[in-house]
Amino acid sequence: MEERNRYITGSAVRELEPAPARRERRDPREEEAERKRRARRNAARRNRQRTLYMSKGYVAFLTLCVAVGAFFAVSYVKLQADITYRMKHIASIESQISDLKADNDANYKRIMTSVDLNEIKSTAINELGMAYATEEQVVYYTVESSNFIDQYVDIPVK
């Protein structure tokens, strides 16, 4: 080995780079597979770059889609709130109806219990001169097919 005089600039000694490794010949099938892998990687890189690029039309389309989606979402929430309000309103009206029916039934029972049928009978007989119908005053009719009779003329008096 021949020694040469080398000059080094700076205070640190540089490391020598190792010699490049020898490239060995590979199998053609491996080279083809490597070429296909590189081609796929490059195609994937190009696709990624293409997907990152957004034109003005595409941005406008996406904005329109988001606006329409937001409109439908807000409309849906509004309809849900409206339905909830109406259900509560219907429930309160049904509650009022129930209360009114209970009051009506209570008033009906109060009125029915306050009526004295014996006093009405006494007043009708003693003060108004009414009497029970006798057998001669009762007229019987037969009904053939229906439960009611239409009266077109006065009932004959015997």
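**Group meeting: a three-helix model**

The accessible surface of this protein comes to about 16900 Å², and carbon and sulfur atoms account for 57% of that area. Before going further, I should say that this is a predicted model.

Let me start with the overall layout. The protein has 3 helices and 0 strands. Along the sequence the pattern is α-α-α. There are 158 residues in the protein, and buried residues make up 1% of them.

I will take the helices in order, beginning with helix H1, which covers residues 28-52. What I want to look at there is charge. As general background, side chains of opposite charge can pair when their charged atoms come close. In this model the count comes to 6 salt bridges. I will go through some of them.

Take Glu 32 and Arg 35 to begin with. Their side chains meet in a salt bridge, with N to O at 2.6 Å. Both residues lie in helix H1, 3 residues apart, which is about one turn of the helix. How accessible are these two? Glu 32 has 33% relative accessibility and counts as partly exposed. Arg 35 is also partly exposed, with a relative accessible area of 47%.

Next, Glu 34. Which residues does Glu 34 pair with? One partner is Arg 37, and the side chains of these two meet in a salt bridge at 2.7 Å, N to O. Arg 37 and Glu 34 are 3 residues apart in helix H1, so about one helical turn separates them. Another partner is Arg 38, where the closest N and O atoms are 3.8 Å apart. Here the spacing along helix H1 is 4 residues, again about one helical turn. Salt bridges that share partners join Glu 34, Arg 37, Arg 38 and Arg 41 into one network.

Is Glu 34 buried or exposed? Glu 34 has a relative accessible area of 16%, and the cut-off for buried is under 20%, so Glu 34 counts as buried. Its two partners just described fall in another class: Arg 37 is partly exposed at 39%, and Arg 38 is partly exposed at 43%.

Staying with charge, there is a positive surface patch. Which residues form it? They are Arg 45, Arg 46, Arg 48 and Arg 50. Of these, I will single out Arg 48, which sits in helix H1. Arg 48 has 52% relative accessibility, and the cut-off for exposed is over 50%, so Arg 48 counts as exposed.

Now to the other two helices, H2 at 56-114 and H3 at 117-127. The topic here is a nonpolar surface patch of about 610 Å². The residues that make it are Tyr 108, Ile 111, Met 112, Val 115, Leu 117 and Ile 120. Where do they come from? Helix H2 and helix H3 each supply at least two residues of this patch. H2 gives the most, with 3 residues.

One example from the patch is Ile 111, which is placed in helix H2. Ile 111 has a relative accessible area of 42% and is partly exposed.

To sum up, the predicted model has 3 helices and 0 strands. Helix H1 holds the Glu 32 and Arg 35 pair, and Glu 34 is part of a salt-bridge network with Arg 37, Arg 38 and Arg 41. Four arginines, Arg 45, Arg 46, Arg 48 and Arg 50, form the positive patch, and helices H2 and H3 both contribute to the nonpolar one.

Methods. Residues numbered from 1 in each chain as written. Predicted model: local features only at pLDDT ≥ 70, side-chain atom pairs only at ≥ 80, totals over all residues. Heavy atoms only, no water. Buried < 20%, exposed > 50% of the residue type's maximum accessible area, 1.4 Å probe, protein only. Areas by Shrake-Rupley, 256 points an atom, 1.4 Å probe, with all protein chains shown as cover. Patch = residues over 30% accessible without salt bridge, like charges linked within 9 Å, V, L, I, M, F, W, Y side chains within 5 Å. Lys, Arg positive; Asp, Glu negative; His and termini not counted. Charge placed at Lys NZ, Arg CZ, Asp CG, Glu CD.
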